[in-house]
Amino acid sequence: MNAPMGSLPMLFELSGEHPTLPTAEALACLRAEAPGFHQIGSGPGYLIVKGDAGRMGRAVDRLALTHRAGHYLGSCGLDALERTAAGLDLPPGSVCVRVRAVQGLYPEVDTYALARKVGNALSSAHAIDLTSPAMYVRVLLSDEAHLFLVEREIDRRSFERRKVAERPFFSPISLHPRYARALINLTEARAGDRLLDPFCGTGGIVIEAALMGMKAIGSDIDPAMVDGCRRNLRHFGLEAEVEVADVGDVPEMFGEVAAVATDPPYGRAASTRKEDLDTLYSRGMRSMARTLAPGGRAGVVLPIEAGAEGLELQELHRQRVHRSLTRHYHVFIRR
């Protein structure tokens, strides 16, 4: 894929909370919001791409498993970092330098001392301001030293304000809002799309979809869960279509949808109306295949690897929760 004319390079500083999901989420958002982007490189803790700056900015704004992103300035070995910094062509204004080592790399490096050295290299052309700078230059120590100018920072604290215990109605069996958002992003759904969660429970996925400007739809077989989901939506000032329904009835009830994102029940505390979980998952997957529009994607979290007729597996990410539970994040496409 060729980079479009006039495109700009951007570095995504990824979170380290999962080995594969942050990269997959960022790439899915770029495919949704910035088609035609070109991947330059990736490695521990980072992704570098070229594309339309405005479109890539929209992709960044919806992410959950990224810390920040900005204009990519270059990469070098650690021994060439000060020399590389001195040659940077930065906009006018004061600057603050921050250095972060990824995933325990470079344990021998004092990142604060290194930030001072990089700041000294920049100080001949820019005032150093550690409190209110015009711009932040970040150095990410990974397979090389990667420099970028911070342009967007993800407000990860906002996800904490929506976590299970902060909702008026909750069940402990629920994805953290960051992972609910990431699951939605893996479907490549966009604002205005109809997105369905046919096992909505207390509404964590529905809440995130509504916040992203999607036409969020939720259903659950348990009327108490549906009432609780509606309460939670009202608590956050959001609207969505939420109904009591068996998963087998959702195609007829809601019609065709652009995407599905769901975390079906599992474990001893799950509400399944005594239905065997394997049977429930099988019925659910068939139902999702029927309601998804051709080319639509389904993000499905299960305690096992699964498949379904009519759905083609695109990605699979495993997340170990504890000794007896590993979540499997599936991404399917309907052909």
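**Exercise 1.** In this predicted model, describe how helix H6 (residues 177-186) and helix H7 (residues 204-211) pack.

*Solution.* Start with the geometry. The two helices pack at an angle of about 65°, and their axes are 9 Å apart. Next, the handedness: H6 passes H7 in a right-handed crossing. Then list the contacts. H6 brings Pro 177, Ala 180, Arg 181, Leu 183 and Ile 184. H7 meets them with Gly 204, Ile 205, Glu 208, Ala 209 and Leu 211. Last, sort the residues of this contact by class: seven are nonpolar, one is polar and two are charged.

**Exercise 2.** Work out what lines the second largest pocket.

*Solution.* Take the volume: about 250 Å³. Now the lining. It has 13 residues, and Val 97, Arg 98, Tyr 112, Ala 115 and Arg 116 lie nearest the pocket's centre. Strand E5 (95-101) and helix H4 (111-122) are the elements that give two or more residues each. H4 supplies the largest share, six residues. By class, the lining holds six nonpolar, three polar and four charged residues.

**Exercise 3.** Trace the seven-stranded sheet and place helices H1 and H2 on it.

*Solution.* Write the strand order: E2-E3-E1-E4-E7-E6-E5. The sheet is open, with mixed pairing. Its edges are strand E2 (38-43) and E5, each pairing on one side only. Neighbouring strands are turned by 30° on average, direction ignored.

Look inside the sheet. Strand E4 (residues 66-76) and strand E7 (residues 145-153) run antiparallel, joined by eight bridges. Cys 76 stands opposite Ala 145 in E7.

Add the helices. Helix H1 (residues 21-33) lies across strand E1 (8-14), E2 and strand E3 (46-51), at about 145° to E1. Helix H2 (residues 53-61) touches E1, E3, E4 and E7, and its direction makes about 10° with that of E1.

Terms used:
Residues are numbered from 1 along each chain as its sequence is written. This is a predicted model: local features need pLDDT of at least 70, side-chain atom pairs count only at pLDDT 80 or more; totals for chains, interfaces and linings use all residues. Side-chain values use heavy atoms; hydrogens and water are left out. Axes are lines fitted to C-alpha atoms, for helices over the stretch in contact, and angles run from 0 to 180 degrees between N-to-C directions. Helices (H or I, at least four residues) and strands (E, at least two) are DSSP runs, numbered from the N terminus. A crossing is left-handed if the near helix is turned anticlockwise from the far one by less than a right angle, and right-handed if clockwise. Contact means heavy atoms within 4.5 Å. Ala, Val, Leu, Ile, Met, Phe, Trp, Tyr, Cys and Pro count as nonpolar, Asp, Glu, Lys and Arg as charged, and the others, Gly among them, as polar. On a 1 Å grid over the protein atoms alone, a cavity is a set of points where a 1.4 Å probe fits but cannot get out, and a pocket is an open set with protein on both sides within 12 Å along at least five of seven lines; lining residues have an atom within 4 Å of a point. Grid points are joined across faces, edges and corners, and a volume is the space filled by probe spheres set on the points. Two strands pair if DSSP finds at least two bridges between them.
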